[in-house]
Amino acid sequence: MRSVVHVTQNLARTAGELRAAGHLPRGVKTEIRENLLAALREGRNPWPGIVGFDRTVLPQLERALLAGHDVVLLGERGQGKTRLLRSLISLLDEWTPVIEGSELGEHPLDPITPESKRRAAELGDDLPVVWRHRSERYAEKLATPDTSVGDLVGDVDPVKVAQGRSLGDPETIHYGMLPRAHRGIIAINELPDLAERIQVSLLNVMEERDIQVRGYTLRLPLDVLLVATANPEDYTNRGRIITPLKDRFGAEVRTHYPLEIDAEVDLVRQEADLVAEVGDHLLEIIARFVRHLRESSSIDQRSGVSARFAVAAAETVAASALRRSALIGETPAIARPIDLESVPDVLRGKLEFEAGEDGREDEVLVHLLRRSIADTARARLAGLNLRALAEVVSDGHPVATGDRVHAGDLLAALPELPILHEVAARLGAGPKDPVGRIASAVELALESLYLTRHLSKDNSSDDDRSVYG
């Protein structure tokens with residue numbers, strides 16, 4: 001709180017001081033345009049934390065904002081649409097002046113409600129001013145079928161009527177979210193879920209900038225940037241954006257899942273709350289797994305495979321490693337390929353399968369996960385000859401892994417081999433690293449040999465161990 005006071009204590013406290021300082025009101029779209037241009041000219045990233053959209057979505061969104069358009073982000077679930085909308089806050093001025101006590105956060109030099117206009121006329125240059133942080137100028141509404149016009153636009157306030165005011169008095173109106181977002185950004189998530197009659201109430205706000213409440217017609221020059229999200233299926237399934245409303249949005253920007261494996265890995269690394277160390281090779285397996293799910297004919301692609309699935313998968317793998325650490329005292333907790341086996345069982349409910357796949361869900365997931373492991377091993381270990389490792393394991397050095405197998409025991413089952421150091425180095429593990437990191441690399445090589453049929457793997461042990469031999 002002291003920091004906020006320190007920042008604002010030297011700023012204007014009355015309309016007169018604000019006017020004397022040469023401050024001029026500007027629209028929110030102009031404010032966003034000028035701040036975005038400043039960031040682009042200075043080489044600053046205006047979209048911190050947004051991954052995978054640099055060459056596709058962000059240029060389109062920037063053009064829309066520079067044009068001053070209201071925007072719809074169209075894309076499947078889990079593509080970062082809401083995260084992108086919330087990042088618009090950084091394009092607002094950090095602090096902006098408002099009339100103290102005003103219901104709609106109006107500019108001291110440009111009041112719009114009858115009450116604020118009256119106060120400005122009475123107090124003149126003594127009209128009190130406070131400063132609002134940009135985080136308070138962003139409002140978000142999840143569209144649900146029970147959303148009412150009163151929620152978005154406003155309704156008659158019975159308390160104000162009970163105080164003796166006439167029903168014809170505009171000051172008896174309780175303003176909804178849209179008017180309260182004046183001089184800011186209003187985001188509506190899942191816009192097609194709004195009933196069509198509710199969408200109609202947005203038409204005047206977007207075009208004529210007035211609001212109508214139970215017979216009142218207030219001419220309020222609202223200054224808002226309206227942004228919304230929608231799923232493509234919503235246009236034909238649960239609901240739709242009515243044509244007149246679609247026409248009033250200046251831009252429709254299509255989002256997508258990460259196009260590159262590296263971008264998916266970066267996204268998971270950024271968003272996942274990992275309780276144990278998960279190596280990049282394991283995150284790559286998860287990224288490839290999600291990519292295969294998005295391309296699979298067994299998965300209902302109309303619902304999509306959310307990026308949240310990849311994040312949850314990484315967190316599940318980390319949790320599996322932490323559990324093993326607690327069971328057998330292996331520290332630090334470091335994930336190994338065996339931990340990937342927990343992903344299909346735990347996260348199967350996050351996917352929607354095609355109708356013809358009933359009863360085959362586990363088979364599909366295990367197949368795609370193994371394919372992802374093989375693809376990652378092929379890419380990461382390309383050029384390494386693993387034949388020596390395969391021969392040693394086949395000739396009397398079986399290697400066990402599992403929830404209760406210590407990383408040190410896995411490595412101790414193998415003799416000293418140069419290829420083991422090469423595998424570890426290729427996957428970012430050095431000789432002085434924890435044994436868990438080296439064991440994770442070696443286990444990937446062993447799993448690769450199994451998947452290419454150079455080794456066998458016995459999963460029938462009673463103690464939940466898998467033995468390569």
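Student: What is the mean pLDDT of the protein chain in this predicted model, and over which residues is the pLDDT below 50?
Tutor: The model is predicted, and 90% of the residues in its protein chain reach a pLDDT of 70 or more, with a mean of 87. Beyond near neighbours in sequence, one stretch has one contact in the model, and its pLDDT is below 50. The mean is thus 87, and the stretch below 50 covers residues 1-6.

Student: How many helices and strands does the protein chain have, and what share of its residues is buried?
Tutor: The protein chain has 20 helices and 14 strands. Among its contacts between residues at least 6 apart in sequence, 74% join residues at least 24 apart. Of the 469 residues, the buried share is 51%.

Student: Which strands stand at the edges of the open sheet of five strands?
Tutor: The order in this sheet is β4-β7-β10-β1-β11, and the pairing is parallel. From one strand to the next, the twist averages 20°. Two strands pair on one side only and are therefore the edge strands, by the order β4-β7-β10-β1-β11: they are β4 (138-142) and β11 (251-254).

Student: Which residue of β11 is the bridge partner of Leu-74?
Tutor: Strand β1, residues 71-74, pairs with β11 in the parallel sense over four bridges. Helix α4 (residues 57-66) lies across β1, β10 (224-230) and β11, and it runs at about 170° to β11. Within β11, the bridge partner of Leu-74 is Arg-254.

Student: How many residues of strand β2 are buried, and which residue of β3 is the bridge partner of Pro-97?
Tutor: Trp-95, Pro-97 and Ile-99 point one way from β2, while Thr-96 and Val-98 point the other way, and all are buried. Strand β2 (residues 95-99) pairs with strand β3 (residues 129-133) in the antiparallel sense over five bridges. The buried count for β2 is five of five residues, and the partner of Pro-97 in β3 is Trp-131.

Student: Is Ser-298 buried or exposed?
Tutor: Ser-298 has its place in the loop between α13 (280-295) and α14 (307-328). Leaving aside neighbours within four places in sequence, Ser-298 is in contact with Phe-353, Glu-354, Glu-357, Arg-360 and Val-364. Because its relative accessibility is 10%, and the cut-off for this class is under 20%, Ser-298 counts as buried.

Student: Which residues touch the most other members of the largest nonpolar core?
Tutor: In soluble globular proteins, nonpolar side chains tend to be buried together. Here the largest nonpolar core has 67 residues, and apart from it lies another core of 30 residues, among them Ala-143, Val-153, Leu-202 and Met-206. Not counting residues up to four places away in sequence, Leu-389 touches residues including Leu-414, Leu-417, Ile-419 and Leu-449. The members of the largest core that touch the most others are Leu-293, Leu-389 and Val-423.

Student: Why is one side of β12 and of β13 left without a neighbour in the sheet, and which residue of β14 stands opposite Lys-457?
Tutor: The open sheet of three strands has the order β12-β14-β13, with antiparallel pairing. Because β12 (399-402) and β13 (457-458) stand at the edges, each with a single partner strand, one side of each has no neighbour in the sheet. Two bridges join β13 to β14 (residues 465-468), and the residue of β14 opposite Lys-457 is Tyr-468.

Conventions. Residues numbered from 1 in each chain as written. Predicted model: local features only at pLDDT ≥ 70, side-chain atom pairs only at ≥ 80, totals over all residues. Heavy atoms only, no water. Axes fitted to C-alpha atoms, helices over the stretch in contact; angles between N-to-C directions. Contact = heavy atoms within 4.5 Å. pLDDT = per-residue confidence, 0-100. Buried < 20%, exposed > 50% of the residue type's maximum accessible area, 1.4 Å probe, protein only. Core = buried A, V, L, I, M, F, W, Y, C linked by side-chain atoms within 4.5 Å.
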